[in-house]
Amino acid sequence: MHCCDVILYVRLTNEWFAKDTSRKVKTAFKAKFAAGQRIGAYAPIGYRKHPEIKNKLIIDEETRWIVEKIFDLAIHGRGAASITRILIAEKVPSPGFINFQRDGTFANIYAGASEEKSYAWTIAQVKSIMKDETYIGHTIHYRETNISFKNKRRIRKPQSEWVRVENTQEPIISEQVFQQVQEQIASRRRERKNGTTQIFAGLIKCADCGWSLAYGENRQNSKPYGYYHCSKNGQGTRQCSMHYIRYDVLYAYVLSRLQYWSGLVQHDEERLLKRLLNASDKGQAAARKKQAAELKKTEKRKAEVDALFSRMYEDWAAGRITEYNFNMLSGKYQSEQAELDGKIGQLQAAIAAENQSAADAEKWIALMKECVNPTELTAELLNTLIEKIVVHEAVKSEDGSREQEVEIFYRFIGKID
Ligand SMILES: [Zn+2]
């Protein structure tokens, strides 16, 4: 017998054996799927396996913030690549590293590896988290299958073959946020297809229903133009009104506002800061002064009462006042001390909150300074400075003119226009 025949024979046996077991295993899995159980070896990040109930997920309080952070960035218009960069820059531990720390899995990758390995996120990982319905409480099974045991390449099963079981665990992300992120993913895909850039993706919201506005194009016109409309209006749904706004109108308006604020930042930063603080809580300047004075007064009274109390204690110890009077007065002083302490705490908290808004305003000014005199809008510029843009339904007046309110909410400081 030739040596090669043996090898061939062994190979064949292996594949035969593999085929048979994989069929058996698949059948067992299918039964589990139907019962809404999950079969992964590790819980997806943000969740833990239930300590007693098999195949049940519970929220992992230690890591849920990572999932929340990813969706928060996504809702602010960041794509998977940009989010991945941020996670790496901020050294957010990756799911693999967290599993290693907890259970020692994948020690071959992480044990003794450089620090960078612990936050080596990949775009694919972030993408799959952004699309994972686990985070809104559902379980999807049978998303992938191996072509054959021999060929380890995984292929995606058509959606019709997925088994979807709803509400199998507590959600981390709200349905609305999740759907919005899916919309953004889809719109980015469309964007790449037709070559236009949708710099406002994820930023423009409907004033009435809160959903993102969708992008459309009017090609019938001799000069095709882009426009936005409420995504709850269109494609057969009339759950909200149109909220129509042309792309070029919105573009010009937002650019003019950013140019305006950029000008102020350069020419009179101090006045702008004052103005921002007033805008963030209108007419509070006088109240703020009063609070500071009140705090001073309260702290002074507290010191007096403390002094009175200790003097009285000395008097009692020296026998200069009676036990009866001591008890009466100490009760009075103690309740006043408690009251003053409470008031001081409240005033300090209120003042700290105002200092926070001052710090936020300074942060925004610092961002604004970096983009001097913008002449065009980019997704990066918009996402750096703006939290969201709220578009109201247009109002047509009798003379035929059209008026539409557009509110810009800036990051850190909110609405200032
Ligand atoms: Zn709407």
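Which residue takes a positive phi in the hairpin of strand 16 and strand 17? Keep that in mind while loading the model, which is predicted.

**Stop 1: the sheet.** Select strands 7, 13, 16 and 17. Together they form an open sheet with the order 7-13-16-17 and mixed pairing. Strand 7 (204-206) and strand 17 are the edges; each has a single partner strand, so one side of each has no neighbour in the sheet.

**Stop 2: strands 13 and 16.** Select residues 386-391 for strand 13 and residues 406-410 for strand 16. The two run antiparallel and are joined over five bridges. To find the register, pick V390 and look across to strand 16, where E407 stands opposite.

**Stop 3: the hairpin.** Stay on strand 16 and add residues 414-415, which are strand 17. This pairing is also antiparallel, over two bridges. Y410 has G414 of strand 17 as its bridge partner. Three residues lie between the strands of this hairpin, and F412 is the answer to the opening question: its phi is positive, near 70°.

**Stop 4: two crossing helices.** Leave the sheet and select residues 247-267, helix 8, along with residues 323-370, helix 11. Their axes come within 9 Å and cross at roughly 100°. Since angles of 65 to 115 degrees count as roughly perpendicular, helix 8 is roughly perpendicular to helix 11.

Now show the side chains at the contact. Helix 8 supplies W261, S262 and V265, while helix 11 supplies I365, M368 and K369. Sorted by class, the contact has four nonpolar residues, one polar and one charged.

Methods:
Residues are numbered from 1 along each chain as its sequence is written. This is a predicted model: local features need pLDDT of at least 70, side-chain atom pairs count only at pLDDT 80 or more; totals for chains, interfaces and linings use all residues. Two strands pair if DSSP finds at least two bridges between them. Helices (H or I, at least four residues) and strands (E, at least two) are DSSP runs, numbered from the N terminus. Axes are lines fitted to C-alpha atoms, for helices over the stretch in contact, and angles run from 0 to 180 degrees between N-to-C directions. Angles under 35 degrees count as roughly parallel, over 145 as roughly antiparallel, 65 to 115 as roughly perpendicular and the rest as oblique. Two residues are in contact if their C-beta atoms, placed from the backbone, lie within 7 Å. Ala, Val, Leu, Ile, Met, Phe, Trp, Tyr, Cys and Pro count as nonpolar, Asp, Glu, Lys and Arg as charged, and the others, Gly among them, as polar.
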